[in-house]
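The following exercises concern the architecture of one chain and the contacts it makes with its partners. Please work through each task before reading its solution.

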Amino acid sequence: MNLLQILSFLMVALAGTGVVATRDPLLQSMAASFFGLQLSILFTVLQAPDVTLSEIVVGAVAIPLMVVLTVAKTSAKGAQ
Amino acid sequence: MNLLPFLVTAWLFLAGLYGIATSRNVIHLVSCLFVAQSSTYVFLLSIGFRRQGTAPILDELPAGARLVDPVVQSLALTDIVVGATVSALILVFALQAHKKSGTLDPRRAPPMRG
Amino acid sequence: MRQQVRIILFLVAATLFGAVFVAAMAGLPTFGDYRGPYGDLVMQTVLKLRQAQQGVAAVTFDYRGFDTVCEESILFAAVAGAMLLMRPQESEQLSDASDQASDRSLPAPVSAVIGCGVVMFPFTLLLGIYVVLHGHLTPGGGFQGGVLLASAFYFVYLSGEYADLLEYVAGHLVTLFKVAGAAAFALMAAIPTLKGHPYMLNVMPLGKAGELLSAGFLPLYNCSVGIEVAAGFLLLLSSFLRQVLAIRKRRPS
């Protein structure tokens with residue numbers, strides 16, 4: 001294993017722990033977005049460009065966006 | 001050091017499960033599920049990786065180049081698609097349950113009836 | 001108290017699982033020593049048998065294509081279920097879209113933001129179409145390109161207003177696209193059975209590897225999946241937005 005691989009594996013583990021440890025869903029969606037980005041870097045390092053592309057669009061954009069919208073609907077008084 | 005990918009896999013899976021087990025908010029639970037699920041992507045891609053291998057795309061590659069496994073990459077791709085839509089569905093369930101019961105805490109929500 | 005019991009139970013189970021899991025993993029070939037044979041066999045045959053140069057796309061839509069049909073049905077069913085649940089309920093009504101924050105006033109759209117949106121929207125659309133069409137040549141494909149196409153419409157919402165986005169998803173056109181994409185995929189996959197071949201056999205003329213029209217069914221599958229995914233994610237996004245911005249509890253009258 002070279003340094004880049006070790007580093008990206010460790011960053012993924014760290015970012016994943018951060019997502020679980022963040023208890024506020026709104027802040028957590030930002031952490032999840034960062035986690036998705038770290039995952040896509042790891043996948044690039046592991047020579048998987050197809051998986052990287054879908055991880056970027058899904059993990060870093062689509063899921064956090066849906067989480068933010070659900071938080072908005074359930075927490076804003078006026079939105080109910 | 002060669003165990004690191006598998007340790008990260010186990011760590012992500014268990015950390016996600018811990019979040020799910022202790023969660024007091026369904027939206028928080030969905031993000032933890034996302035973490036637990038990504039352990040499978042890490043695992044699949046680590047299995048198919050080959051030292052000094054390149055991506056399995058044959059454009060202008062010399063014959064006999066070392067390639068990583070395309071099968072596990074295809075599996076991971078399927079995994080991501082299904083995971084995303086199922087997460088969306090859980091979020092919708094959480095949203096509608098919140099309208100009915102006014103809480104996002106899975107322990108306080110009243111039992112569901114058909 | 002119950003929380004503590006819960007955590008202790010989890011920790012015991014997690015330690016057991018983790019130990020067994022890592023012990024099992026230690027028996028696998030070490031990281032970086034993939035031994036095959038399936039990946040190697042695929043990559044040796046894919047150029048000759050299928051005139052495809054993108055290994056992942058060939059595996060997804062050809063070597064294990066049946067799996068992908070099932071996966072697309074999961075996607076279709078999940079989006080359809082989400083849409084069904086997010087209709088306005090009996091106790092709710094559709095109101096005009098409005099900002100919900102009470103503690104701040106809504107700033108007027110700045111022309112620079114609108115300009116960014118105007119620039120980004122067509123380019124993202126173009127990129128999405130490119131990724132879908134070249135899925136069998138370069139990294140990418142129907143799914144990745146489809147989500148990109150849908151995210152192009154996020155720019156409309158981000159730079160303009162909800163009403164602008166609504167114009168694109170009004171009526172049944174997007175739903176039609178989603179259904180047509182899913183149906184085209186399943187029906188195209190069934191074409192070989194008419195001639196007595198197995199389901200999803202690649203019977204189209206294969207062409208020459210590296211050209212846009214090559215690898216038989218692969219570009220067609222990519223296009224149909226791209227349309228389905230783009231329409232599905234656009235519908236998901238717009239119904240989440242509608243929940244936040246327009247659907248309200250019906251006031252007792």
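**Exercise 1.** In this predicted model, determine how many residues of chain A and of chain B take part in their contact, and which helices of chain A supply the side that touches chain B.

*Solution.* Step one is to count the residues on either side: chain A contributes 35 residues and chain B contributes 40 residues. Step two assigns the chain A side to elements; helix H1 (3–21), helix H2 (25–45) and helix H3 (49–75) of chain A each give at least two residues. Step three ranks the contributions: H3(A) provides the largest share, 14 residues. Step four sorts this side by class, which yields 23 nonpolar, 8 polar and 4 charged residues.

**Exercise 2.** Describe the fold elements of chain B and decide whether chain B is spread out or a compact globule.

*Solution.* Begin with the elements: chain B has 3 helices and 0 strands, in the order α-α-α from the N terminus. Next, compare the radius of gyration with the globule rule: the value for chain B is 19 Å, whereas the rule gives 13 Å for 114 residues, so chain B is more spread out than a compact globule. The C-alpha trace of chain B spans about 65 × 30 × 20 Å along its principal axes. For burial, 57% of the 114 residues of chain B count as buried. Finally, consider the contacts in chain B between residues at least 6 apart in sequence: 49% of them join residues at least 24 apart.

**Exercise 3.** Characterise the side of chain C that touches chain B by its elements and residue classes.

*Solution.* First, the count: 43 residues of chain C are in contact with 39 residues of chain B. Second, the elements of chain C that give two or more residues to this side are helix H1 (2–26), helix H2 (38–50), helix H3 (55–63), helix H4 (65–85) and helix H9 (218–245). Third, H4(C) accounts for the largest share, with 10 residues. Fourth, the classes on this side are 26 nonpolar, 13 polar and 4 charged residues.

**Exercise 4.** Locate Leu89(B) in its element, classify its exposure, and list its contacts beyond four places in sequence.

*Solution.* Leu89(B) lies in helix H3 (residues 70–101) of chain B. Around Leu89(B) there are 19 other C-beta atoms within 10 Å; a residue needs 20 or more to be buried and 12 or fewer to be exposed, so Leu89(B) is partly exposed. Leaving aside neighbours within four places in sequence, Leu89(B) is in contact with Ala78(C), Gly81(C) and Ala82(C).

Technical notes
Residues are numbered from 1 along each chain as its sequence is written. Chains are lettered from A and ligands numbered from 1 in the order in which they are written. This is a predicted model: local features need pLDDT of at least 70, side-chain atom pairs count only at pLDDT 80 or more; totals for chains, interfaces and linings use all residues. Helices (H or I, at least four residues) and strands (E, at least two) are DSSP runs, numbered from the N terminus. The radius of gyration is taken over C-alpha atoms; the globule rule is 2.2 Å times the number of residues to the power 0.38. Two residues are in contact if their C-beta atoms, placed from the backbone, lie within 7 Å. Ala, Val, Leu, Ile, Met, Phe, Trp, Tyr, Cys and Pro count as nonpolar, Asp, Glu, Lys and Arg as charged, and the others, Gly among them, as polar.
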